[in-house]
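Morning, everyone. I'll walk you through one structure today. Please have it open while I talk.

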Amino acid sequence: MSEPAQDSADKQKYEFQKVIEELSEYRGSGTQLVTIYIPPDKQISDVVAHVTQEHSEASNIKSKDTRTNVQDALTSIKDRLKYYRKPGENGMVLFSGAVDTGGGRTEMVTEVLENPPQPIQSFRYHCDSEFYTEPLEEMLGDKGLFGLIVLDRREANVGWLKGKRVEPVKSASSLVPGKQRKGGQSAQRFARLRLEAIDNFYQEVAGMADDLFVKERHEMDGILVGGPSPTKDEFLDGDYLHHELQDLVLGKFDVAYTDESGLYDLVDAASEVLAEHEVLQDKQVMETFFEELHDGDLATYGFGPTRENLVMGSVERLLLSEDLRKDAVTLACPNDHEEYELVDRGATVEPAPCDTCGEQLEATEREDVIDHLMDIADQRGTETVFISTDFEKGEQLLTAFGGIAGLLRYSTGI
């Protein structure tokens with residue numbers, strides 16, 4: 001995936017993450033928060049009919065407040081659905097309900113998430129005291145795209161591992177005869193015919209893999225191959241796979257079953273490799289950062305210095321912790337001087353004197369710091385890399401460097 005496309009995907013993923021975190025914090029009195037998951041092949045008219053039916057049935061709710069709030073939420077959802085002819089490519093999710101704002105007061109919230117990171121698998125209507133966000137959280141937690149191949153001399157299955165979800169796609173059965181030859185055949189002829197059948201089957205399996213994986217090879221993180229020995233070894237050593245796919249093979253693993261269940265067994269067998277690979281790129285970036293920090297001059301960190309380098313256009317890669325949750329506040333004085341401050345979410349910004357002229361600064365703008373920095377990075381052609389906290393140096397980026405750092409194109413002394 002090209003860097004601009006990856007940056008765009010990362011930013012979209014982060015925007016979804018922010019919305020989901022906000023939605024997951026809302027609470028309603030009783031079961032009055034409505035969530036609807038709509039798969040991409042679902043007709044909007046069918047969803048409207050379902051919502052209309054739920055609105056009618058809600059009239060039976062005993063509590064007047066709950067009844068009113070549920071019906072208002074469903075009316076709001078129907079109003080939103082009028083603007084859509086069909087769901088997006090990955091479907092859509094709607095949230096609506098009266099959320100508690102404190103002091104016995106409520107506020108109606110309606111949110112539509114179009115084209116979530118992965119396709120919605122099935123229609124779901126959910127009514128509870130919380131919005132149902134778990135499926136979206138699982139999607140956002142999913143990382144990686146891996147090809148899966150399991151085979152023995154009888155059958156084979158090929159599929160995907162998308163994040164944590166296994167998707168079987170293609171299967172084949174072989175015509176390889178058993179080891180016992182039929183009467184009338186010489187042992188030599190039987191052995192030759194058996195080897196030809198094995199070769200033909202391996203070619204068929206490779207063809208399935210090529211059809212599925214070659215077009216996605218630039219998006220894939222690797223290929224896992226499983227089966228009993230010596231089958232998987234013969235298959236890989238025989239160079240049956242497309243040469244670019246052969247280079248993507250991360251490992252071969254002993255798997256007893258080669259039907260669809262074997263794909264799941266393969267993922268289990270490769271769990272250590274997958275766990276290591278998930279943070280491998282993050283580890284490589286952070287290793288480079290620490291090398292520059294200790295022995296070079298192409299590292300910057302902290303909100304102020306990193307932002308200043310970003311504005312100069314000197315940052316090649318902006319490193320942001322996935323768990324960074326702060327706001328960037330723009331402060332201005334009467335003489336048009338601006339300063340920037342990093343603060344906790346919801347924290348009050350106290351008045352302060354301007355470093356340039358001494359006049360009092362006042363907050364004029366406040367936004368999520370990741371949005372703030374990524375907007376500057378986009379304008380300067382800087383790649384943004386989100387760093388996981390699932391390993392030591394990733395955790396250090398958040399705790400020791402404020403979750404913000406950069407690798408520079410050239411030294412600036414800042």
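One definition before we start: buried means under 20% relative accessible area, exposed means over 50%, and partly exposed is what lies in between. Keep in mind too that this is a predicted model.

Now take R325. Its relative accessible area is 22%, so R325 counts as partly exposed. Where does R325 lie? R325 sits in the loop between strand 11, residues 315–321, and strand 12. Leaving out residues up to four places away in sequence, R325 touches Y14, Q17, E21 and R345. Compare its position with E219. The two are 106 residues apart in sequence. In space, C-alpha to C-alpha, R325 and E219 are 29 Å apart.

Next, T231. Is T231 buried or exposed? T231 is buried, because its relative accessible area is 4% and the cut-off for buried is under 20%. T231 belongs to helix 6, residues 231–237. Its contacts, not counting residues up to four places away in sequence, are L151, D152, R153 and Y202.

On to the sheets. Strands of a sheet pair through backbone hydrogen bonds, in either a parallel or an antiparallel way.

Here is one open sheet. It has 4 strands in the order 3-2-1-4, and the pairing is antiparallel. Strand 3, at 105–114, and strand 4, at 124–128, are the edges. Each has a single partner strand, so one side of each is left without a neighbour in the sheet. From one strand to the next, the twist averages 15°. Look inside this sheet at strand 1, residues 33–38. Strand 1 runs antiparallel to strand 4, and 5 bridges join them. T35 stands opposite H126 of strand 4.

Which strands does helix 2 touch? Helix 2, residues 44–57, packs on the sheet and touches strand 1, strand 2 and strand 4. The direction of helix 2 makes about 155° with that of strand 1. Helix 3, residues 64–81, lies across strand 1, strand 2, strand 3 and strand 4. Helix 3 runs at about 140° to strand 2.

There is another open sheet of 4 strands, with the order 13-12-15-14 and antiparallel pairing. Its edge strands are strand 13, at 338–344, and strand 14, at 352–353, and each pairs on one side only. Strand 14 and strand 15, residues 360–368, pair in the antiparallel sense over 2 bridges. In that pair, P353 has Q360 as its bridge partner. Helix 12, residues 369–380, lies across strand 12, strand 13 and strand 15. Helix 12 runs at about 90° to strand 15.

Now a hairpin. Strand 6, residues 155–162, and strand 7, residues 165–173, pair in the antiparallel sense over 8 bridges. K162 stands opposite R165 in strand 7. The hairpin has 2 residues between the strands. In this hairpin, G163 takes a positive phi near 65°.

Last stop: a pocket. Rolling a probe the size of a water molecule over the atoms shows where empty space is left. The second largest pocket has a volume of about 280 Å³. How many residues line this pocket? It is lined by 14 residues, and P119, Q121, P135, E138 and M139 lie nearest its centre. By class, the lining has 6 nonpolar, 3 polar and 5 charged residues. Helix 4, residues 134–141, gives the most to this lining, with 3 residues.

That's the tour. Thank you.

Terms used. Residues numbered from 1 in each chain as written. Predicted model: local features only at pLDDT ≥ 70, side-chain atom pairs only at ≥ 80, totals over all residues. Heavy atoms only, no water. Pairing = 2+ DSSP bridges. Buried < 20%, exposed > 50% of the residue type's maximum accessible area, 1.4 Å probe, protein only. Contact = heavy atoms within 4.5 Å. 1 Å grid on protein atoms, 1.4 Å probe; cavity = no way out; pocket = protein on both sides within 12 Å on 5 of 7 lines; lining within 4 Å. Points joined across faces, edges and corners; volume = space filled by probe spheres on them. Nonpolar A, V, L, I, M, F, W, Y, C, P; charged D, E, K, R; others polar. Axes fitted to C-alpha atoms, helices over the stretch in contact; angles between N-to-C directions.
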